[in-house]
Amino acid sequence: MTKSELIQRLAEQNPHLYLRDVEKIVDTIFEEITEALVRGDRVELRGFGAFSVKHREARIGRNPRTGESVPVAAKRLPFFKTGKGLRERLNDEPTDMPPKEDSWY
Amino acid sequence: MENTTITRADLAEAVYEEVGLSRNESAELVEAVLDEISDELVKGENVKISSFGSFSVREKGERIGRNPKTGVEVPILPRKVLVFRASHVLKDRINEGTEQGTE
């Protein structure tokens, strides 16, 4: 499923909304998550998962072909950890509670 | 420096401010978006959100694990795991402010 298919489906389920509003809703959600990560904040969506940013220190890397040393700059990487509810659903485990009510870990 | 945690409520608030739906409906739509993505992944399908990233489901085979405390070997059953791959746009934005290539 792509973002436009997601928008399409939500629009079908919400016939009272304009397509452009559904687009705006979906874009706002991902933009909000992105901005949080840019600030270095964590995004925790219980039952779904959590987005966070990990720091990688600068290091001396190596070109695997030539064996030459190359400096690698410090960087920040986005990271996602699947939530308990979704992880259980992926593995057909009974979730007796709706995912959002689940405890996180 | 410890950071803030963003939750569903913050996403709903952003939708409320941006789109002008009621707070209630904004919250319902945030939930609907997460539900649609989850349902698709549970079906075994991938989800690609352009300029954000993609979620895919990977099947892991059975392997022998070890209880790190007791050293006892235990079989880890085959299972499905969700993998998120951030898009380059997202990775670049996260590194925007940081000094690339300098100390």
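This is a short tour of a predicted model with chains A and B, with suggestions for what to select and what you will find there.

**Stop 1: Chain A as a whole**

Select chain A and show it as a cartoon. You should find 3 helices and 5 strands. Follow the chain along its sequence, and these elements come in the pattern α-α-β-β-β-β-β-α. Now switch on the surface of chain A: the accessible area is about 6,300 Å², and carbon and sulfur atoms account for 49% of it. Of the 105 residues in chain A, 40% are buried. If you take the contacts in chain A between residues at least 6 apart in sequence, 36% of them join residues at least 24 apart.

**Stop 2: A hairpin in chain A**

Select residues 42-45 of chain A, which are strand S1, and then residues 49-56, which are strand S2. S1(A) and S2(A) pair in the antiparallel sense over 3 bridges. To see one of the partnerships, pick Val43(A) and look across to Phe51(A) in S2(A). The two strands make a hairpin with 3 residues between them. In that turn, click on Gly47(A), whose phi is positive, at about 85°.

Next, add residues 75-82 of chain A, which form strand S5. S2(A) and S5(A) run antiparallel and are joined by 8 bridges. One pair to highlight is Arg56(A) with its bridge partner in S5(A), Lys75(A). As background, strands of a sheet pair through backbone hydrogen bonds, either parallel or antiparallel.

**Stop 3: Ser52(A)**

Stay on strand S2 of chain A and select Ser52(A). Is Ser52(A) buried or exposed? Its relative accessibility is 14%, and the cut-off for buried is under 20%, so Ser52(A) counts as buried. Show the residues around it: setting aside neighbours within four places in sequence, Ser52(A) is in contact with Leu37(A), Arg42(A), Leu77(A), Pro78(A) and Phe79(A).

**Stop 4: A second hairpin, and Pro71(A)**

Move on to residues 59-62 and 69-72 of chain A, which are strands S3 and S4. They pair in the antiparallel sense over 4 bridges. Arg59(A) stands opposite Val72(A) in S4(A). This hairpin has 6 residues between its strands, and Gly67(A) takes a positive phi near 80°.

Now pick Pro71(A), which lies in S4(A). Here the relative accessible area is 68%, so Pro71(A) is exposed. Which residues does Pro71(A) contact, leaving aside neighbours within four places in sequence? They are Arg59(A) and Ile60(A). Try the distance tool too: Pro71(A) and Ile60(A) are 11 residues apart along the chain, and their C-alpha atoms are separated by 4.5 Å.

**Stop 5: The sheet in chain B**

Switch to chain B and colour strands S2, S3 and S6. These 3 strands form an open sheet in the order S2-S3-S6, with antiparallel pairing. S2 (47-49) and S6 (79-86) are the edge strands, each pairing on one side only. From one strand to the next, the twist averages 25°.

Zoom in on S3, residues 53-60 of chain B, beside S6(B): the two pair over 8 bridges. One of the pairs is Ser56(B) with Val83(B). Then bring helix H2 of chain B into view. H2(B) packs on this sheet and touches S2, S3 and S6 of chain B, and its direction makes about 35° with that of S3(B).

**Stop 6: Leu41(B)**

Within helix H2 of chain B, select Leu41(B). With a relative accessibility of 1%, Leu41(B) counts as buried. Which residues does Leu41(B) touch, not counting those up to four places away in sequence? In chain A they are Leu86(A) and Leu90(A), and in chain B they are Val47(B), Phe55(B), Ser56(B), Val57(B) and Leu82(B). For a look along the helix, pick Ala27(B) as well: its C-alpha is 22 Å from that of Leu41(B), with 14 residues separating the two in sequence.

**Stop 7: Where two helices cross**

For the final view, select residues 19-39 of chain A and residues 23-42 of chain B, which are helix H2 in each chain. They pack at an angle of about 80°, with axes 10 Å apart, which means H2(A) is roughly perpendicular to H2(B). Show the side chains at the contact: Ile25(A), Val26(A), Ile29(A) and Phe30(A) meet Leu29(B), Val30(B), Val33(B) and Ile37(B). By class, this contact has 8 nonpolar residues, with no polar and no charged ones.

Technical notes: Residues numbered from 1 in each chain as written. Chains lettered and ligands numbered in written order. Predicted model: local features only at pLDDT ≥ 70, side-chain atom pairs only at ≥ 80, totals over all residues. Heavy atoms only, no water. Axes fitted to C-alpha atoms, helices over the stretch in contact; angles between N-to-C directions. Parallel < 35°, antiparallel > 145°, perpendicular 65-115°, else oblique. Contact = heavy atoms within 4.5 Å. Nonpolar A, V, L, I, M, F, W, Y, C, P; charged D, E, K, R; others polar. Buried < 20%, exposed > 50% of the residue type's maximum accessible area, 1.4 Å probe, protein only. Areas by Shrake-Rupley, 256 points an atom, 1.4 Å probe, with all protein chains shown as cover. Pairing = 2+ DSSP bridges.
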